Amino acid sequence: MAEDTIFHKIIRREIPAEVVYEDDDLIAFRDIMPQAPVHVLFVPKETVATLNDLPADRPEIIGRLAVAAARYAKEQGFAEDGYRIVMNCNRHAGQTVFQLHLHLLAGAQLGRFGTPV
Ligand code: 5GP
């Protein structure tokens, strides 16, 4: 299936992942190459390759990811200290997995966002 990615395989439990949250609409699991002490990926179960492919009438797909990430931050006790959410789109942002996902980075002082080109 052209739209099948490693994240679809994680959703179907065909490959293992450290899942921290799941509901009918999304799954959240630890990034295999963490870029911060806390690095969790929030992924919709509905197939959406990139932000460019998000249907204009379905903003809730991203809204649910954001709500789940903020709730996780509060539950884990780092919401007040803060965190960063990132969504990479296509090659200039370095997107490598073409199923929409929101990165949650936390657990330490993060570097300044955005590297000059
Ligand atoms: P992107 O670069 O597309 O924004 O982010 C993809 C992320 O997925 C990367 O941070 C990468 O480390 C992570 N990743 C890639 N393959 C796997 C995997 O098999 N398992 C997990 N847990 N994370 C993965």
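## Starting in the strands

Let's begin with one residue pair: R30 stands opposite V40 in β3. This is a predicted model, and that pair is a handy way into it. The strands β2 and β3 run antiparallel, and 5 bridges join them.

On the β1 side, β2 pairs again in the antiparallel sense, this time over 3 bridges. Here V19 stands opposite F29 in β2. To get from β1 to β2, the chain goes through a hairpin of 3 residues. As for cover, β2 is mostly tucked away, with 4 of its 5 residues buried. A general point helps when you look at strands like these: in a regular strand the side chains alternate between the two faces of the sheet.

## Helix α2

Next, have a look at α2, which takes in residues 60-76. How far apart should its ends be? At 1.5 Å a residue, its 17 residues should span 24 Å, and the end C-alpha atoms are indeed 24 Å apart, so the two agree.

Several residues of α2 are buried: I61, L65, A68, A69, A70, Y72 and A73. To make sense of such a list, keep in mind that an α-helix has 3.6 residues a turn, so residues three or four places apart point the same way. What covers these buried residues? The cover includes the strands β1 (19-22), β2 (26-30), β3 (38-44), β4 (83-86) and β5 (102-106). Just after the helix, G77 takes a positive phi of about 85°.

## The loop before α2

Two residues are worth a stop in the loop between β3 and α2. A56 has its place there, and it counts as exposed because its relative accessibility is 80%, over the 50% cut-off. The C-alpha atoms of A56 and V86 are separated by 20 Å, with the two residues 30 apart along the chain.

R58 lies in the loop between β3 and α2 as well. Buried or exposed? Neither: with a relative accessible area of 22%, R58 is partly exposed, because buried would need a value under 20%. Leaving out residues up to four places away in sequence, R58 touches E46 and R64.

## Around the ligand

Now for the ligand, which has 16 residues around it. Which of them come nearest? Those are R30, D31, N88, T96 and H103. R30 is the residue we started with, the one opposite V40 in β3.

Some polar contacts can be picked out too. An oxygen atom of the ligand is 2.5 Å from an N or O atom in the side chain of D31. With G94 and T96, the protein's part is played by the backbone: a ligand oxygen is 3.1 Å from a polar backbone atom of G94, and a ligand oxygen is 2.8 Å from a polar backbone atom of T96. Taken alone, the ligand exposes 510 Å², and the protein buries 84% of that.

## Two unusual backbone angles

Most residues other than glycine have a negative phi. R13 has a positive one, near 60°. This residue is found in the loop between α1 (6-11) and β1, and at 45% relative accessibility R13 counts as partly exposed.

N90 also has a positive phi, near 65°, and is a residue other than glycine. Where is N90 found? In helix α3, which covers residues 90-93. At 30% relative accessibility, N90 counts as partly exposed.

Note on methods:
Residues numbered from 1 in each chain as written. Predicted model: local features only at pLDDT ≥ 70, side-chain atom pairs only at ≥ 80, totals over all residues. Heavy atoms only, no water. Expected span 1.5 Å × (residues − 1). Buried < 20%, exposed > 50% of the residue type's maximum accessible area, 1.4 Å probe, protein only. Contact = heavy atoms within 4.5 Å. Near = heavy atom within 4 Å. Polar contact = N/O pair within 3.5 Å; in protein donor to acceptor, adjacent residues only side chain to side chain. Areas by Shrake-Rupley, 256 points an atom, 1.4 Å probe, with all protein chains shown as cover. Pairing = 2+ DSSP bridges.
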